[in-house]
Amino acid sequence: MKILEYGTAFAAGACIYTLLEIIWRGYTHWTMTLTGGICLVLMYMWNNVLTNSSLTFKCLIGALSITVVEFAVGCIVNIGFGQAVWDYSNLRFNILGQVCLYFSLIWYVLSIPGFYLCDFIKDNLQLP
């Protein structure tokens, strides 16, 4: 049953992240689909571990997790393979142009519905 839960979280994250990219920038890259799936799986895992934590704290962990994943993917895809999928070099408080404070704050806010989605997946797919 865990495969169904985590698979659903991955698929939902992949679809939502891709859709957000298309809405925000007008296009996306296939690596962002994988990144979105990984991010929601991480949030799903954190949601199961931090059951007694506040939503505020969970969103902080969610934003940090997404930022770390984006940094890792950015270093591999953008810097390592030279794909130039995104570049935040022109934004303040960026790290190697791969992540920046501005988007980390956006991830914090988007973690709110993300954790509600994690609860929905858990409540509807988990065995009693």
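# A predicted four-helix chain

Helices in this report are DSSP runs (H or I) of at least four residues, strands (E) are runs of at least two, and both are numbered from the N terminus. The model is predicted.

## The overall plan

The protein chain has four helices and two strands. Along the sequence they follow the pattern α-α-α-β-β-α. Both strands therefore sit between helix 3 and helix 4 in that order.

How does the chain's radius of gyration agree with that of a compact globule? A compact globule of 128 residues would have a radius near 14 Å, and the protein chain has 15 Å, which agrees. The C-alpha atoms fill a box of roughly 50 × 25 × 25 Å along the principal axes.

Buried residues make up 40% of the 128 residues. The accessible surface comes to about 7,400 Å². Carbon and sulfur atoms account for 73% of that surface.

Contacts also reach across the sequence. Take those between residues at least 6 apart in sequence: 62% of them join residues at least 24 apart.

## Helix 1 and its partners

Helix 1 covers residues 2-25, a run of 24 residues. From its first C-alpha to its last it reaches 34 Å, close to the 34 Å expected at 1.5 Å a residue. G26 follows the helix, and its phi is positive, near 95°.

Which residues of helix 1 are buried? They are E5, A9, A12, G13, A14, Y17, T18 and E21. These buried residues pack against helix 2 (30-49), helix 3 and helix 4 (101-125).

T18 gives a close-up of this helix. T18 belongs to helix 1. Its relative accessible area is 15%, so T18 is buried. Leaving out residues up to four places away in sequence, T18 touches T28 and T33.

## The nonpolar core

The largest nonpolar core has 25 residues. Those with the most contacts inside it are M32, M43, V73, W86 and W107. Helix 1, helix 2, helix 3 and helix 4 each supply at least two residues of this core.

W107 is worth following on the structure. Outside its neighbours within four places in sequence, W107 is in contact with Y17, A63, I66, T67 and E70.

## Aromatic rings

There are six aromatic pairs. One of them joins Y17 and W107. Their rings are stacked, with 5.5 Å centre to centre and 15° between the planes. Why does this pair tie together parts that are 90 residues apart in sequence? Y17 lies in helix 1 and W107 lies in helix 4, so the pair spans that distance along the chain. Y17 counts as buried because its relative accessibility is 7%. W107 also counts as buried, at 11%.

A further pair joins W24 and F103. Their rings are edge-to-face, with 5.9 Å centre to centre and 75° between the planes. W24 is in helix 1 and F103 is in helix 4, 79 residues apart. Is each ring's residue buried or exposed? W24 is exposed, with a relative accessible area of 53%. F103 is buried, with a relative accessible area of 12%.

W24 and F103 also belong to an aromatic cluster, together with W86, Y88 and Y102. W86 is also among the core residues with the most contacts.

## Positive phi in the loops

Two residues other than glycine have a positive phi: F93, near 60°, and L96, near 55°. F93 is found in the loop between helix 3 (55-80) and strand 1 (94-95). L96 lies in the loop between strand 1 and strand 2 (99-100).

Are these loop residues buried or exposed? Exposed means over 50% relative accessible area. F93 has 56%, so it counts as exposed. L96 has 57%, so it counts as exposed too.

## Accessibility at a glance

The table gathers the residues discussed above.

| Residue | Relative accessibility | Class |
|---|---|---|
| Y17 | 7% | buried |
| W107 | 11% | buried |
| F103 | 12% | buried |
| T18 | 15% | buried |
| W24 | 53% | exposed |
| F93 | 56% | exposed |
| L96 | 57% | exposed |

Key. Residues are numbered from 1 along each chain as its sequence is written. This is a predicted model: local features need pLDDT of at least 70, side-chain atom pairs count only at pLDDT 80 or more; totals for chains, interfaces and linings use all residues. Side-chain values use heavy atoms; hydrogens and water are left out. Buried means under 20% relative accessible area, exposed over 50%, partly exposed in between (1.4 Å probe, protein chains only). The expected span of a helix is 1.5 Å times one less than its number of residues. Contact means heavy atoms within 4.5 Å. A nonpolar core is a set of buried Ala, Val, Leu, Ile, Met, Phe, Trp, Tyr and Cys residues joined through side-chain atoms within 4.5 Å. The radius of gyration is taken over C-alpha atoms; the globule rule is 2.2 Å times the number of residues to the power 0.38. Accessible areas come from the Shrake-Rupley method with a 1.4 Å probe; for residues, only the protein chains shown count as cover. Rings of Phe, Tyr and Trp (its six-membered ring) pair if their centres lie within 6.5 Å; planes under 30 degrees apart count as stacked, over 60 as edge-to-face and the rest as tilted.
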